[in-house]
Amino acid sequence: MSDPAAPARRLLTWLHPYRLVLLGGVVCTMLASVLDGVTLVLLVPLLRHLFGSSGGVGAGPTGLEATVNRVLAPLLEGASATGVTVRLVGLLWAALVAKNLLAYLAGQLSVRAQEGLARDLRTALYEHLLALDLSWLERTRGGQLIARVLGDADQTRLAVSASLASFFQNLVLIGTTLLVLAQLSWPLTLLTLGAAPVLLLGIRALLARLRRHARARADEAGEMTATVAERLAAVKLIRTHQGAVREVERFRVQADRYRRHVVRTQRFAALTSPVSELFGGLLLVLLIAVGASPLAAGAALTPEALLVFIVAALRMMAPLKALSQFPGQMAQALASAERVFEVLDVPVAEGPDGGRPVARFSDAVVFEEVGFQYPGEDAAGDSAGFRLEGVSFRLPRGSTVALVGPSGSGKTTLAELLPRLREPTSGRILLDGVPLPELSRDGLRTLLGFVGQDTVIFHDTVLANIAYGRPEATPAQVEAAARAANAHGFITQLPAGYHTVLGERGTRLSGGQRQRIAIARAVLRDPPLLVLDEATSALDSESERLVQDALVRLMRERTVLVIAHRLATIRHADQILVLDQGRVVQQGAHQQLLAMPGLYQRLCRTQFGSRDPAVATPP
């Protein structure tokens, strides 16, 4: 963001729902700070009474002391010496109790606001990420996104705690103390006010570097998170390829880079405190020196007033020091807010779902000259991205269309266009004659079942995993779907059956078992349209037989778009599209394509070897 104040303004809009909480916190903070000043004021008559330096409570100099005497006179009139002491001490204690109760309440209100802000930002980030374009998500490291959802959203809380619990409290406290000092000696107050801008200018010089290093530190923390997440997911590969030493060294370099950023950030953040303390100490010496001179102070101060003045000046040091740390805290909070808003500003791929309702599929899905180009490609498609170009075919209700071709030919990308996981950059796709963008996105996806090549299993129970697309399903319905997917047998052998937690990414299951869980998920949804990215090539013969049998039952009486890895599994497809480099190079039934020279014939010969492709079956 080019405007340094933009994150602060945007944070204010996010704090709007908590304006009453914040206002209550500010009021409590101000009252607590005022009561802190009251305790200072009460020291004057208490010290005078204890030491008898000014002739009693009813008489005294003009100004603040005279005002306090007049206010307290009715309360202390007629009391004995001991009674006066008890009453003054009681007032002082009551003021201290009230001040601390208000400070506690202000702190609790601050926590509510700052935790609410962090929660809202995390939720908004998570919701936004789920709606972002797949291409953007694929280009961005997952660890960086996790760091922004968890770490940066959490860091923005400093903006609330620093402003409410620190800035306002200390600002009012300083103002109250200055008011007390002004009543004692206005020349000393002018000296203090005149010196304050010097301190602020000195602190401001540190802020630009502090914010820059805080941003670099947050970026590096995201990189470390990404590295840990990525490498832990690949721990088997790392071990089998003896990469542990290299990975540890690579992470050590990253961790050291992060350490340097933290040290630089703290170097400038920590400077604000000693600079302000040294300046405050110098100011205190000047105030005491000037206060000791009746001519310079404007009037002769009584001993108790001079003592209160020194105590007030000393007590002002702590809030001055805390106030000087406010810019540093805000700089770090705004650096994190910047990273949060960068993600929130990325345009979503899935906006409001305003299409017409769709509840059934009755005719056909039609692809008309469909093209797709990944972001970052040039017009000629010469970059490392990928293109689909001029793909046209018809998928009638009840039929099966298979997509075959070499790896990278565009099969998966083409299949992802039907559920609108990606949007075509040219051409159009129609469902029963209606372009997909005109239909409700949720309604369209209700008609679709998707069994992907990379089976997704959540860290949850078997029951929850199968019922993910239909959470209202009964246990009996889930079991029926599992039986149809040839999954019931192995599920009942798990420690807790359908209530067994499968572990992250389903690590407790084999590849064939995970695939059958995914098929059961699709069976339970009972959709009229299926998109299948077959994943049987990496399975053993028995697992492949069970999965293939479940797929046959799943495909029965449904309209299917299937990505074929084993060509023998799609010999009976109504239509086969052969893709190469994003284009349909052949189209027809199995026997037709087998009879003509071309890519399909070569793929069959490569896959079946010396066997006759026309009669080959899966092993």
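This report walks through a predicted model of one protein chain, from its overall make-up down to a few individual residues.

## The chain as a whole

Let's start with the big picture. The chain has 619 residues, and 47% of them are buried. Its secondary structure comes to 22 helices and 10 strands. The chain exposes about 30300 Å², with carbon and sulfur atoms supplying 60% of that area.

How do contacts spread along the sequence? If you take the contacts between residues at least 6 apart in sequence, 77% of them join residues at least 24 apart.

## Helix α2: a patch and a distant neighbour

Helix α2 covers residues 19-51, and Val-27 is found in it. Along with Leu-20, Leu-23 and Leu-31, Val-27 makes a nonpolar surface patch of about 390 Å². Val-27 itself is partly exposed, at a relative accessible area of 39%.

Val-38 lies in α2 too. With 32% relative accessibility, Val-38 counts as partly exposed. Its C-alpha atom sits 8.7 Å from that of Thr-176, although 138 residues separate the two along the chain.

## Salt bridges

Side chains of opposite charge can pair when their charged atoms come close. In this structure there are 16 salt bridges. Take Asp-154 and Arg-122, whose closest N and O atoms are 3.1 Å apart. Asp-154 belongs to helix α6 (residues 142-155) and Arg-122 to helix α4 (residues 81-131), so their pairing ties together parts that are 32 residues apart in sequence. Both ends are partly exposed: Asp-154 has a relative accessible area of 24%, and Arg-122 has 25%.

Next come Arg-428 and Glu-368, with 2.8 Å between their closest N and O atoms. This salt bridge runs from strand β4 (residues 426-431), home of Arg-428, to strand β1 (residues 364-373), home of Glu-368, and the two residues are 60 residues apart. Arg-428 is partly exposed at 40%, and so is Glu-368 at 32%.

Arg-558 and Asp-526 form another salt bridge, where the closest N and O atoms are 2.3 Å apart. Here both partners are in loops: Arg-558 in the one between α20 (541-555) and β8 (559-563), and Asp-526 in the one between α19 (511-525) and β7 (529-533). Arg-558 counts as buried, at 12% relative accessibility, while Asp-526 is exposed, with a relative accessible area of 52%. Elsewhere, Asp-256, Arg-259 and Arg-260 are joined into one network by salt bridges that share partners.

## Lys-411: a buried charge

Which side chain of opposite charge is nearest to Lys-411? That would be Asp-533, 7.5 Å away. A salt bridge needs a side-chain nitrogen within 4 Å of a carboxyl oxygen, and Lys-411, though buried, has no salt bridge. The side chain of Lys-411 does reach a backbone oxygen, that of Pro-406, at 3.1 Å.

Lys-411 lies in helix α14 (residues 411-417). Leaving aside residues up to four places away in sequence, Lys-411 touches Leu-403, Val-404, Gly-405, Pro-406, Ile-563 and Leu-579.

## Helix α22 and its packing

Towards the end of the tour is helix α22, spanning residues 599-608, whose buried residues are Leu-599, Tyr-600, Gln-601, Cys-604 and Phe-608. What do these buried residues pack against? Their partners are the strands β3 (400-404), β9 (575-580) and β10 (583-588), together with helix α21 (590-595).

Notes
Residues are numbered from 1 along each chain as its sequence is written. This is a predicted model: local features need pLDDT of at least 70, side-chain atom pairs count only at pLDDT 80 or more; totals for chains, interfaces and linings use all residues. Side-chain values use heavy atoms; hydrogens and water are left out. Helices (H or I, at least four residues) and strands (E, at least two) are DSSP runs, numbered from the N terminus. Buried means under 20% relative accessible area, exposed over 50%, partly exposed in between (1.4 Å probe, protein chains only). Lys and Arg count as positive and Asp and Glu as negative; His and the chain ends are not counted. A polar contact is a pair of N or O atoms within 3.5 Å; within protein, one must be able to donate a hydrogen and the other to accept it, and residues adjacent in sequence count only if both atoms are side-chain atoms. Contact means heavy atoms within 4.5 Å. Patches are made of residues with over 30% relative accessible area and no salt bridge: like charges are joined within 9 Å, nonpolar side chains (Val, Leu, Ile, Met, Phe, Trp, Tyr) within 5 Å. Accessible areas come from the Shrake-Rupley method with a 1.4 Å probe; for residues, only the protein chains shown count as cover.
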